[in-house]
Amino acid sequence: MVLKKYLQILEAKEKPKFKKNNLEKLEEKSFEIISKCELCERKCKVNRLKGEKGYCKAPCGLSISSIFPHYGEEYFFIPSLTIFFMGCTFSCVFCQNWEISQWYEHGHELSPKELAKAIDLYAQECKNINFVGGEPTPYLPWIIQTLKHVKAFLPVIWNSNFYMSEKTMEILKEIADVYLSDWKYGNNACAERLSDVKNYIEIIERNHEIAFRNGEVVIRHLVLPNHVECCTKPVLEKIASFFGDKVIVNIMPQYRPEYKAKNFKDIARYPSQKELEEAWKYAEKLGLNWIR
Ligand code: SF4
């Protein structure tokens with residue numbers, strides 16, 4: 001395992017980043033960004049401070065689906081204090097969390113102080129604070145405000161689709177101890193067709209390189225049926241050429257045809273055992289530090 005800093009924080013030999021850095025300055029910067037929102041690469045330029053909503057439909061403030069100690073994350077992260085935010089900057093037709101990401105549920109509107117209280121309440125029994133969704137990116141300013149009130153000394157995990165803007169990446173440097181990314185596609189055509197997202201490859205590669213320079217990185221890749229050649233293999237090759245065995249890659253078998261997936265012939269079934277084995281064997285062949 002390579003998450004040395006993460007372990008040092010857990011063993012209290014080092015402080016988490018949010019306890020070391022100037023959160024007031026980060027708060028100011030992040031609120032500036034949302035006056036013409038460009039927290040993610042969609043760059044909707046809406047004034048979130050006035051309640052205008054962009055592609056992600058996130059409000060001016062926190063909207064949270066649930067908070068709980070999660071035992072289903074990677075073994076070295078559990079129990080993980082997982083905070084699920086409403087909305088997403090993607091619209092994946094196979095989203096496994098579509099009730100949250102696409103606003104079929106109503107979120108709980110907590111204040112940053114209330115969220116910080118909830119975090120401190122669970123902190124004793126958890127190893128980290130895991131910001132996820134949907135997608136956490138649209139909530140960055142209020143996440144920073146929350147961290148200002150958090151008393152616990154836990155590492156922060158940024159669990160995201162990795163479509164953040166460079167400005168957001170700049171801020172995350174100062175608060176994310178671990179980046180837990182979701183690298184889905186090996187080409188832009190699949191990304192645009194299945195997640196309604198442009199320039200996927202350029203942005204995801206750039207953000208992974210920035211993350212790698214500034215924190216520890218664990219990459220998740222969900223194996224999609226019929227996408228081993230066009231997505232899984234190119235993704236694993238990129239990871240091998242950029243980072244070798246210095247990041248952990250979780251090659252996940254649990255895809256199921258959720259949400260609108262039944263309307264897309266290629267992904268309207270579970271991945272076969274053969275496809276999964278092929279993905280895992282390929283990771284082995286490339287010398288990746290992988291788990292499943
Ligand atoms: S965070 Fe939401 S509003 Fe802001 S740029 Fe991204 S999609 Fe648009």
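Me: Is Leu3 buried or exposed?
Reply: A residue is buried if 20 or more other C-beta atoms, placed from the backbone, lie within 10 Å of its own, exposed if 12 or fewer, and partly exposed in between. Leu3 has 21 other C-beta atoms within 10 Å and is therefore buried. This is a predicted model, in which local features need pLDDT of at least 70 and side-chain atom pairs count only at pLDDT 80 or more, while totals for chains, interfaces and linings use all residues. Residues are numbered from 1 along each chain as its sequence is written.

Me: Where is Leu3 found, and with which residues is Leu3 in contact?
Reply: Leu3 belongs to the segment before α1 (4–10); helices (H or I, at least four residues) and strands (E, at least two) are DSSP runs, numbered from the N terminus. Contact requires C-beta atoms, placed from the backbone, within 7 Å of each other. Leaving aside neighbours within four places in sequence, Leu3 is in contact with Phe76, Val178 and Glu216.

Me: How many Å apart in space are Leu3 and Gly107?
Reply: From C-alpha to C-alpha, Leu3 and Gly107 are 33 Å apart, with these positions 104 residues apart in sequence. For Gln96 and Gln254, which are 158 residues apart along the chain, the C-alpha separation is 9.7 Å. Gln96 lies in the loop between β2 and α4 and counts as partly exposed, with 16 C-beta neighbours inside 10 Å.

Me: How should a pair of packed helices be read?
Reply: Two packed helices are described by the angle between their axes and the distance between the axes. Axes are lines fitted to C-alpha atoms, for helices over the stretch in contact, and angles run from 0 to 180 degrees between N-to-C directions. Helix α5 (residues 112–123) and helix α6 (residues 140–149) have axes that come within 8 Å and cross at roughly 55 degrees. That angle makes α5 oblique to α6, since angles under 35 degrees count as roughly parallel, over 145 as roughly antiparallel, 65 to 115 as roughly perpendicular and the rest as oblique.

Me: Which residues of α5 and α6 make the contact?
Reply: From α5 come Pro112, Lys113, Leu115 and Ala116, and from α6 Trp142, Gln145, Thr146 and His149. By class, this contact of α5 with α6 has 4 nonpolar, 3 polar and 1 charged residues. Here Ala, Val, Leu, Ile, Met, Phe, Trp, Tyr, Cys and Pro count as nonpolar, Asp, Glu, Lys and Arg as charged, and the others, Gly among them, as polar.

Me: At roughly what angle do α3 and α6 cross?
Reply: The axes of helix α3 (residues 23–34) and α6 come within 8 Å and cross at roughly 160 degrees, which makes α3 roughly antiparallel to α6. On the α3 side the contact is made by Leu23, Leu26, Glu27, Ser30, Phe31 and Ile34, and on the α6 side by Leu140, Pro141, Ile144, Gln145, Leu147 and Lys148. The residues of this contact divide into 8 nonpolar, 2 polar and 2 charged.

Me: How do α10 and α11 pack?
Reply: Helix α10 (residues 228–243) and α11 pack with their axes 10 Å apart, at an angle of about 25 degrees; α10 and α11 are therefore roughly parallel to each other. Val228, Thr232, Lys233 and Leu236 of α10 meet Glu275, Glu278, Ala279, Tyr282 and Ala283 of α11 in the contact. By class, the contact of α10 with α11 has 5 nonpolar, 1 polar and 3 charged residues.

Me: What should be checked in the backbone geometry?
Reply: Most residues other than glycine have a negative phi, and most peptide bonds are trans. In this model, a cis peptide bond joins Ile78 and Pro79, with omega about -10 degrees; Pro79 is found in the loop between β1 (64–70) and β2 (80–85). Another cis peptide bond joins Gly133 and Gly134, with omega about 20 degrees, and Gly134 is found in the loop between β3 (128–132) and α6.

Me: What is the phi of Trp103?
Reply: Phi of Trp103 is near 65 degrees, a positive value in a residue other than glycine. Trp103 lies in the loop between α4 (98–101) and α5 and is partly exposed, with 17 other C-beta atoms within 10 Å. Tyr259, also not a glycine, has a positive phi of about 55 degrees. Tyr259 lies in the loop between β7 (248–252) and α11 (273–285), and with 18 C-beta neighbours inside 10 Å it counts as partly exposed.

Terms used:
Two residues are in contact if their C-beta atoms, placed from the backbone, lie within 7 Å.
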